[in-house]
Amino acid sequence: MDDTNATPTERTVTTLKRTFPVTGMTCASCVASVENTLRKQPGVQEVVVNLATNTAQVAFDPKATDDAALKSAVVNAGYDLLITAEQDALAEAEVQQDRSLRSLKRRLFASIMLSVPLVIAGMAFMHAPWSPWVQWALSTPVVLVFGRSFFINAWKQAKHRSANMDTLVSLSTGVAYVFSVFNTTYPSFWSSRGLMPHVYFEAAAVVITFILLGKFLEERAKAGTSSAIKKLMGLRPSTVLREGSNGQTSEVAIADVNVDDILVVRPGESIAVDGEVISGESYVDESMLSGEPVPVAKLVGAQVLAGTINQKGSLRMKARKVGAATLLAQIVRTVQDAQGSKAPVQKLVDKIAGVFVPIVIGIAIVSAIVWWIFGGEHAFTQGLLAMVTVLVIACPCALGLATPTAIMAGMGKGAENGILIKDAESLERARNITAIVLDKTGTITEGKPEVVEAMGLDETEVSGALLAIESRSTHPLADAVVRHLQSAKAGHGDPVASTHAERSRSGVDLPDVSPTIAGFEDMTGKGVKATIDGTTWLVGSRRLIEEHGIAIGPEYRDTEKRWQEAAHTVIWFADAKQVRAAIAIADRIKPSAAEAIARLKDAGIKVYMQTGDSRRTAQAVSKAVGIDDFRSEVLPKDKAAFVIGLQQQGHVVAMVGDGINDSEALAKADVSIAMGQGSDIAMDVARMTLISTDLNTIPRAITLSRKTVSLIRQNLFWAFIYNVLGIPIAAGVLYPFTGFLLDPMLAGAAMALSSVSVVSNSLRLKWAKLDE
């Protein structure tokens, strides 16, 4: 239906975000051209083109335009946009990059084979009558065959009244080549005027060869910046063992695995999809996703993730998430999107790149004119050389690669260390953090309440009744009691069972058959009252016990005091006459919390803690980890208000949380960080996600931000200083003082070196240490 005349309230705008491989881009000016072309298309809302990945991320209204229309527009602008399935976009871009690399290698090798004898003929036999003809023959394949892409792309740009690096290369080498052909075929034109008919075939060919060398090294280095993505994509196996309804297993492609399929994972194999263990016990190496080196024990009911490696035991698992829904696929997608995003500083670079080539052409023409007017006896040839050299040395490639290659390397380094960063802006901003607000539960603590001590559970009757009652209770702490009792029943001391019984002051003896509950009353806020085999049992707070007139003996009171001083929650278990057991429950502080907080404070960052727990608990936790400023009994809106208050004081605030109740504060923070084991909402809101539970990942993320931004600044400095100094020298500004005039061949080598040096500098981040 045509909705042209629909009112704004009637028209529903849907946004589709796609990533397309783009071919034909060679420099920052190309990026600006493709971006401007796509932005002008109807329905396009956002465009980000990345030279380092040769991709374009486009957000558009599918009702106003489509893939074919976008491709047509880009083709008309002199490039090409490849239409592929979304999940194949990066793979297709990589295929194109490999194809381009192989082509460059062949052209480079052939150019070198012809350029070496060409330089010998031009330098050693320049006055021999046959030399210009031999040079012409050797240079023609280099310029017109192996360097033809520069002329083809420049012509495409010219048809659209645009210019890029190919324009500079084709103009410089083309002018030198045509001028040399003229001097070779009509030498009398110059000799009749008393001038030597110089030829510059070797300059044109060697410039093309150096630029091909630079592009080859650049493409190879760019491939290195995306190695983190390739590693992540390589974690998942291509096939898997699937168990059929008859119990027989068969090897199938991972694309054929569906949700609820039963899969078998043998020792040493990678897990193919996210799922749940239904039988078997083993340890699983999750270091490639979380960064934590210690393998994790997996029992029945445990969650396993795609890309992790099973250790010694065999596992049967049920597939829960497959394909793009797995955590590994989401990590890859997040890193891809982040590597394609632009840091704020890149916007200035893009503006400069958009006018760079026309300005360089203008400077080259002015240089030639000045030489022709004031150059003296050899004014024309020197003016021509100056123009060619200016066109050759100017390098928009280095400008275009300075930021995206550093961002790609930074995102990849983060992914390898369990740090997922959603956009370049967050990576750049993290270095400026002056205050960080940490949620307690799930961030500083494990977020998994567990029994740490117990009294009175050595009697079968007591432990059996408690397990039966807590299994029916909906209270969050009841799960901790049930886990404790069940793990004790599973087997004392079994490392895979991970029992907590060893931490109890008394053993746990459970009956083989669970007792039957006749009456069950859940008294919210106090506890539970239940009847089992005629005996009334109470489970809950001290208040519940005292309301029923049950006295607490001195031994229990002394123990309660000690537990409360340690900020443990106490659960009482009593029959109608006396207390039969007491349990201390605590949310354990992460082992890395104190060290990470000390590192943040040493870096000059103010650290705050917020929690909805009681003041006594908050005080005990903050003291244990070294936090001086904490807030207790806060609501979600209070957390967000506190973040805003710090911002109003001039702080750049980071918020770290894991729960739904943290999402509002995360949204308000300058840098939002979610713990990877937390809620989906928190991870959706946050701009960074820490896959690891290790809090040292936070200072590592800040260090990564500082190192990445430092690399960006270094790259931009050298890219700008190269052009600021190189172009005037190429124009001949030193000639009146020193007699020095830069040779076009040296200019070509300098141009190639500038791009390669920028990419190589970014690659240093792959080996950087983040624990500094």
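Axes are lines fitted to C-alpha atoms, for helices over the stretch in contact, and angles run from 0 to 180 degrees between N-to-C directions. The exercises below concern a predicted model.

**Exercise 1. Determine how helix 5 is oriented relative to helix 6, and describe their contact.**

Solution.
Step 1. The axes of helix 5 (residues 148-159) and helix 6 come within 8 Å of each other and cross at roughly 120°.
Step 2. Angles of 65 to 115 degrees count as roughly perpendicular and those over 145 as roughly antiparallel. Helix 5 is therefore oblique to helix 6.
Step 3. The crossing of these two helices is left-handed.
Step 4. On the side of helix 5, the contact is made by F150, F151, N153, A154 and Q157. Helix 6 contributes M165, D166, T167, V169, S170, T173 and G174.
Step 5. Sorted by class, the residues of this contact are five nonpolar, six polar and one charged.

**Exercise 2. Determine how helix 4 is oriented relative to helix 6, and state which residues make the contact.**

Solution.
Step 1. Helix 4 (residues 131-146) packs against helix 6 (residues 165-185) at an angle of about 155°, and their axes are 11 Å apart.
Step 2. The cut-off for roughly antiparallel is an angle over 145 degrees. Helix 4 and helix 6 are therefore roughly antiparallel to each other.
Step 3. Helix 4 passes helix 6 in a left-handed crossing.
Step 4. From helix 4, the residues in contact are P132, W133, W136, S139, T140, V143 and L144. From helix 6, they are Y177, V181, T184 and T185.
Step 5. This contact of helix 4 with helix 6 holds seven nonpolar and four polar residues, and no charged ones.

**Exercise 3. Identify the strands that pair with strand 13, and give a bridge partner in each case.**

Solution.
Step 1. Strands of a sheet pair through backbone hydrogen bonds, either parallel or antiparallel.
Step 2. Strand 7 (residues 262-265) pairs with strand 13 (residues 315-321) in the antiparallel sense, over four bridges. Here V265 stands opposite L315.
Step 3. Strand 8 (residues 274-279) also pairs with strand 13 in the antiparallel sense, over five bridges. In this case R316 of strand 13 is the bridge partner of S279.

**Exercise 4. Describe the sheet that contains strand 22 and strand 23, together with the helices that lie on these strands or pack on the sheet.**

Solution.
Step 1. The sheet is open and has seven strands in the order 14-26-25-24-15-22-23, with mixed pairing.
Step 2. Its edge strands are strand 14 (419-421) and strand 23 (629-631), each of which pairs on one side only. From one strand to the next, the twist averages 20°.
Step 3. Strand 22 (residues 606-610) and strand 23 pair in the parallel sense over three bridges. Within strand 23, D629 is the bridge partner of Y608.
Step 4. Helix 22 (residues 615-625) lies across strand 22 and strand 23, and runs at about 150° to strand 23.
Step 5. Helix 26 (residues 697-731) packs on the sheet and touches several strands, including strand 15 (435-439) and strand 24 (653-657). The direction of helix 26 makes about 50° with that of strand 14.

**Exercise 5. Classify the aromatic pair of W371 and Y735, and locate its two residues in the chain.**

Solution.
Step 1. A pair of aromatic rings is described by the distance of the centres and the angle of the planes.
Step 2. The structure holds ten aromatic pairs. One of them joins W371 and Y735, at 5.0 Å centre to centre and with 65° between the planes.
Step 3. Planes over 60 degrees apart count as edge-to-face, and the pair of W371 and Y735 is edge-to-face.
Step 4. W371 belongs to helix 12 (residues 344-374) and Y735 to helix 27 (residues 735-738). The two residues are 364 residues apart, and the pair thus links distant parts of the chain.

Key: Residues are numbered from 1 along each chain as its sequence is written. This is a predicted model: local features need pLDDT of at least 70, side-chain atom pairs count only at pLDDT 80 or more; totals for chains, interfaces and linings use all residues. Side-chain values use heavy atoms; hydrogens and water are left out. Two strands pair if DSSP finds at least two bridges between them. Angles under 35 degrees count as roughly parallel, over 145 as roughly antiparallel, 65 to 115 as roughly perpendicular and the rest as oblique. A crossing is left-handed if the near helix is turned anticlockwise from the far one by less than a right angle, and right-handed if clockwise. Contact means heavy atoms within 4.5 Å. Ala, Val, Leu, Ile, Met, Phe, Trp, Tyr, Cys and Pro count as nonpolar, Asp, Glu, Lys and Arg as charged, and the others, Gly among them, as polar. Rings of Phe, Tyr and Trp (its six-membered ring) pair if their centres lie within 6.5 Å; planes under 30 degrees apart count as stacked, over 60 as edge-to-face and the rest as tilted.
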